[in-house]
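Thank you all for coming. I would like to walk through one structure with you today, going region by region, and I will begin with a word about terms.

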Amino acid sequence: MQTEKVVDYIVNWLKDYATNAGVNGFVVGISGGIDSAVTSTLCAKTGLNVLCIEMPIHQAESHVTRAQEHISHLRNRFDNVSDTRTDLTPVFETFKNEVFFDGDQATIDMALANTRARLRMTTLYYYAGLYKLLVAGTGNKVEDFGVGFYTKYGDGGVDLSPIADLVKSQVYKLGASLQVPESIMQAEPSDGLFGDTRSDEDQIGASYPELEWAMKMDDEGKNPSDFSGRQLEIFKIYKRFNSANKHKMIPIPICNIPNNLM
């Protein structure tokens, strides 16, 4: 990958899209992870206004520290970057007090995790509307089109996706080029939706390099019978997530009424 040229291409794409849309810039949720760090830096390089937002909900301290470090780093480099912090913990707790819990604990925990993501999406769009900004998505190709590892209408609810054609390893290459803080470059990827430090790999059962390999094998039309051992395990994990989350990756189904019924 020609890293510098890819950076320039994305920055120009972002700037052209925002200019044609008649908006003032971008709003990005900052999690303390590599994807949001790279996305916000690319947005900052457009020269347009960039609002970085922290939205903690019982957040692990390590995530908060990295997010604040990145925002400080970005503001020191770019005078078009501003930031704000919206503590969504009280909102989340109020929501929990108003709903009933019916099901096994794992199902409840997942529903609440997705609720966190949707509260954050609502917050991003509030500020986007306030300042005439676009919500910049932070999903990469493996998450968005491989295993569907995101929340529908949560972190998947965005206006545009600048890094969604890059696999995770490519995002890290951009991160190094864009001078993303080393603490973020070295941190284990995590969605931060459970209020602890569990990593994406803990949840999925495979690392991003492994998932990238499986995605490539799937694109080449490989079958489980082509593999054994750990490779077979990884491929099955990838296919399971890809199948279960397919509904996130395709357009919303529309019931088209036949002409003879209209």
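Before we look at a pocket, let me fix the classes I will use for its lining: Ala, Val, Leu, Ile, Met, Phe, Trp, Tyr, Cys and Pro count as nonpolar, Asp, Glu, Lys and Arg count as charged, and the others, Gly among them, count as polar. Please also keep in mind throughout that what you see on the screen is a predicted model.

With those classes in hand, what does the lining of the second largest pocket have by class? It has seven nonpolar residues and four charged ones, and no polar residues. The space in this second largest pocket comes to about 190 Å³. If you want to find the residues on your own screens, the lining is made up of Phe92, Lys96, Ala106, Asp109, Met110, Leu112, Ala113, Arg116, Leu193, Phe194 and Arg198. Two helices, helix 4 at residues 89-98 and helix 5 at residues 105-131, each supply at least two residues of that lining, and helix 5 is the one that gives the most, with six residues.

Let me turn now to the strands, starting with the pair at the beginning of the numbering. Strand 1, residues 25-29, pairs with strand 2 in the parallel sense, over five bridges, and one place to look for this pairing is phenylalanine 26, whose bridge partner in strand 2 is valine 50. Strand 1 and strand 2, together with helix 2 at residues 34-44, make a right-handed β-α-β unit.

On its other pairing, strand 2 is joined by five bridges to strand 3, residues 81-85, and these two strands run parallel. Leucine 51 stands opposite serine 82 in strand 3, while cysteine 52 has aspartate 83 of strand 3 as its bridge partner. Here too there is a right-handed β-α-β unit, made by strand 2, helix 3 at residues 61-77, and strand 3.

How much of this region is covered? Strand 2, which spans residues 49-54, is mostly covered, with five of its six residues buried. For helix 2, the count is 11 buried residues out of 11, and among the buried residues of helix 2 are Asp35, Ser36, Thr39, Ser40 and Thr41, as well as Ile34, Val38 and Leu42.

That brings me to a point a biochemist is likely to raise, namely the cysteines. A disulfide is a covalent bond between the sulfur atoms of two cysteines. How many disulfides does a search of the whole structure find? The search finds zero. Cysteine 43 is in no disulfide, and the nearest cysteine sulfur to its own, that of cysteine 52, is 8.3 Å away. Cysteine 52 is likewise in no disulfide, with the sulfur of cysteine 43 as its nearest, at 8.3 Å. For comparison, the cut-off applied to a pair of cysteine sulfur atoms is within 2.5 Å. Cysteine 43 counts as buried because its relative accessibility is 0%, and cysteine 52 counts as buried because its relative accessibility is also 0%.

Next, I would like to point out two backbone positions. Lysine 132 has a positive phi, of about 55°, although it is not a glycine; lysine 132 lies in the loop between helix 5 and strand 4, the latter at residues 133-135. Its relative accessible area is 48%, so lysine 132 is partly exposed. Tyrosine 153, also a residue other than glycine, has a positive phi near 60°, and its place is in the loop between helix 6, residues 141-147, and helix 7, residues 168-177. Tyrosine 153 counts as partly exposed because its relative accessibility is 46%.

Finally, let us look at helix 11, residues 229-244, where glutamate 233 has its place and where phenylalanine 235 lies as well. Is phenylalanine 235 buried or exposed? At 1% relative accessibility, phenylalanine 235 counts as buried, whereas glutamate 233 is partly exposed, with a relative accessible area of 42%. Each of these residues can also be placed against another part of the chain. Glutamate 233 and alanine 206 are 27 residues apart in sequence, and their C-alpha atoms are 8.9 Å apart in space. For phenylalanine 235 and methionine 217, which are 18 residues apart along the chain, the C-alpha atoms are separated by 8.2 Å.

Terms used. Residues numbered from 1 in each chain as written. Predicted model: local features only at pLDDT ≥ 70, side-chain atom pairs only at ≥ 80, totals over all residues. Heavy atoms only, no water. 1 Å grid on protein atoms, 1.4 Å probe; cavity = no way out; pocket = protein on both sides within 12 Å on 5 of 7 lines; lining within 4 Å. Points joined across faces, edges and corners; volume = space filled by probe spheres on them. Helix = DSSP H or I, 4+ residues; strand = E, 2+ residues; numbered from the N terminus. Buried < 20%, exposed > 50% of the residue type's maximum accessible area, 1.4 Å probe, protein only. Pairing = 2+ DSSP bridges. Right-handed = clockwise from strand over helix to strand, strands pointing away.
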